[in-house]
Amino acid sequence: MSVPDHELPDESAEERAFRLRARAWLQQAGLVRSAAASSSAEDEPGSALFVQARAFQSDLGAAGFAGLTWPIAYGGQELSDRHTMIFQQESAHYVLPNERLNVGLGMCGPTILAHGSEELKQRYIRPLLAGREIWCQLFSEPEAGSDLAAVRTRARRAPGGGWRVDGHKIWTSYGRFADYGLALVRTDPDAPKHAGLTMMVVDMKAPGVRFSQIRQMTGQSRFDEVFLEAVTVPDGSVVAGVGDGWRCALTTLSGERLAVAGNTALRGGDVSQLVAAATAAGLTARETIRHELADLWLEQATVFVMRDRIRQAVARGGQPGPEGALAKVISGRLVRHAAELGAELGTAASVGWMPADDEQADWAMRLTAVPGLAIGGGTTEIVKNIIGERILGLPR
Ligand SMILES: Cc1cc2nc3c(=O)[nH]c(=O)nc-3n(C[C@H](O)[C@H](O)[C@H](O)COP(=O)(O)OP(=O)(O)OC[C@H]3O[C@@H](n4cnc5c(N)ncnc54)[C@H](O)[C@@H]3O)c2cc1C
């Protein structure tokens with residue numbers, strides 16, 4: 001097998017062997033190579049897409065590629081962050097069916113590993129990693145989105161022990177599919193805003209949990225409103241300590257920005273796919289198209305470099321700095337520009353297609369999905385506020 005053309009600086013013999021093993025496994029896994037493939041398919045509870053996601057995650061684990069940096073004690077591989085980078089490079093041109101498990105794998109799992117008790121880690125990490133249990137993130141509320149510390153969902157001490165949770169969450173991705181949710185709740189309304197928050201694991205099948213499906217402008221329904229009415233949560237389901245929720249939430253959010261930036265750039269802004277579309281349309285000689293493709297490549301390269309820096313910072317035990325903000329904003333621009341150019345190259349077929357032609361529907365799907373990508377994980381305006389205050393030193 002030939003030596004990879006995009007190896008990491010100072011890639012060791014062991015890392016190269018890992019790369020070739022990952023490449024060989026991905027090649028035989030029967031994955032779809034196009035970024036277009038699955039995005040227009042509808043999700044419904046128990047849908048084939050979730051069955052496929054769970055099966056793929058289980059196969060990934062059996063092959064030794066799940067939880068690459070997670071401890072062996074909880075089912076991970078305890079490899080380095082460089083191994084994650086290698087696996088992501090190798091898998092970049094495939095649609096990985098486990099994308100639907102990203103809230104658990106990229107956000108909830110890492111938060112529990114960083115802040116959860118031994119009991120929580122032993123109970124939840126293995127089934128999550130094996131694709132047996134699905135997770136959702138219960139953060140946003142109708143009056144607390146960008147201002148997340150304003151959450152009002154209330155957890156009170158229950159008379160018989162544990163907590164009683166009442167509240168209303170919204171925009172919960174894959175909420176109705178989930179077995180467990182990582183919830184940010186208010187345990188002390190008298191404490192300063194951030195200090196009164198606690199993070200808890202909520203059983204999404206528990207009595208008192210209700211869903212209302214939300215329809216997105218893509219036509220899909222990938223998130224829900226979640227109503228919590230007298231939901232019981234045991235003491236052992238508190239992540240870290242009571243009043244420690246904000247610290248845990250920051251870990252979840254940094255995982256979210258990384259996941260959004262990385263996946264967005266890989267899936268929505270695949271420049272090579274646009275080069276192929278421009279070639280097919282016979283437009284590669286047109287200067288404006290060439291410049292747009294070059295601009296997209298610059299944005300994609302920026303996101304990749306920032307994403308790798310974030311991973312290195314996280315691997316060293318730190319928090320991502322300006323890279324997280326940069327990756328989030330630029331990846332939002334990249335997917336918007338890529339969707340616009342893709343639709344332009346597809347001309348009329350991008351806005352009208354035969355019902356059976358899923359492939360053609362993909363550009364319209366992307367155009368309607370990109371505004372959401374700039375909102376999830378922190379809106380562009382909020383990230384710009386962070387850049388102004390924390391990087392440029394502007395007054396609050
Ligand atoms: C695809 C998608 C998936 C999501 N998945 C989840 C999920 O799984 N779990 C979850 O908890 N949440 C999820 N969310 C919710 C997401 O985190 C929130 O939508 C986001 O934090 C913004 O909050 P909001 O919608 O309440 O908007 P608001 O906070 O009401 O903001 C409205 C507008 O005002 C602007 N704005 C607000 N405050 C400021 C300010 N201080 N300065 C300048 N501009 C400001 C915003 O940028 C925005 O344009 C998801 C959202 C999307 C789009």
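**Exercise 1.** In this predicted model, find which polar backbone atom lies 3.0 Å from a nitrogen atom of the ligand, then look for other polar partners of the ligand.

*Solution.*
Step 1. The backbone atom at 3.0 Å from a ligand nitrogen belongs to Trp171.
Step 2. Gln137 also takes part through its backbone, with an N or O atom 2.8 Å from a nitrogen atom of the ligand.
Step 3. Asn385 uses its side chain instead: an N or O atom there is 2.9 Å from a ligand nitrogen.
Step 4. On its own the ligand has 970 Å² of accessible area, and the protein covers 63% of this.

**Exercise 2.** Describe the shell of residues around the ligand and state which helix and which strand each supply at least two of them.

*Solution.*
Step 1. The ligand is surrounded by 16 residues, and Ser140, Ser146, Trp171, Thr379 and Glu381 are the closest.
Step 2. At least two shell residues come from strand S3 (163–173), and at least two from helix H11 (380–391).
Step 3. Sorted by class, the shell holds 10 polar, 5 nonpolar and 1 charged residues.

**Exercise 3.** Determine how helices H1 and H3 pack, giving the angle and the distance between their axes.

*Solution.*
Step 1. H1 spans residues 13–28 and H3 spans residues 81–91; the angle is about 35 degrees and the axes are 9 Å apart.
Step 2. The two helices cross in a right-handed sense.
Step 3. On the H1 side the contact includes Phe18, Ala22 and Leu26, and on the H3 side it includes Ile86 and Phe87.
Step 4. Charged residues also meet here, among them Glu14 and Arg19 of H1 and Arg82 and Glu90 of H3.
Step 5. In total the contact has 6 charged, 5 nonpolar and 3 polar residues.

Note on methods. Residues numbered from 1 in each chain as written. Predicted model: local features only at pLDDT ≥ 70, side-chain atom pairs only at ≥ 80, totals over all residues. Heavy atoms only, no water. Near = heavy atom within 4 Å. Polar contact = N/O pair within 3.5 Å; in protein donor to acceptor, adjacent residues only side chain to side chain. Areas by Shrake-Rupley, 256 points an atom, 1.4 Å probe, with all protein chains shown as cover. Helix = DSSP H or I, 4+ residues; strand = E, 2+ residues; numbered from the N terminus. Axes fitted to C-alpha atoms, helices over the stretch in contact; angles between N-to-C directions. Left-handed = near helix turned anticlockwise from the far one by under 90°. Contact = heavy atoms within 4.5 Å.
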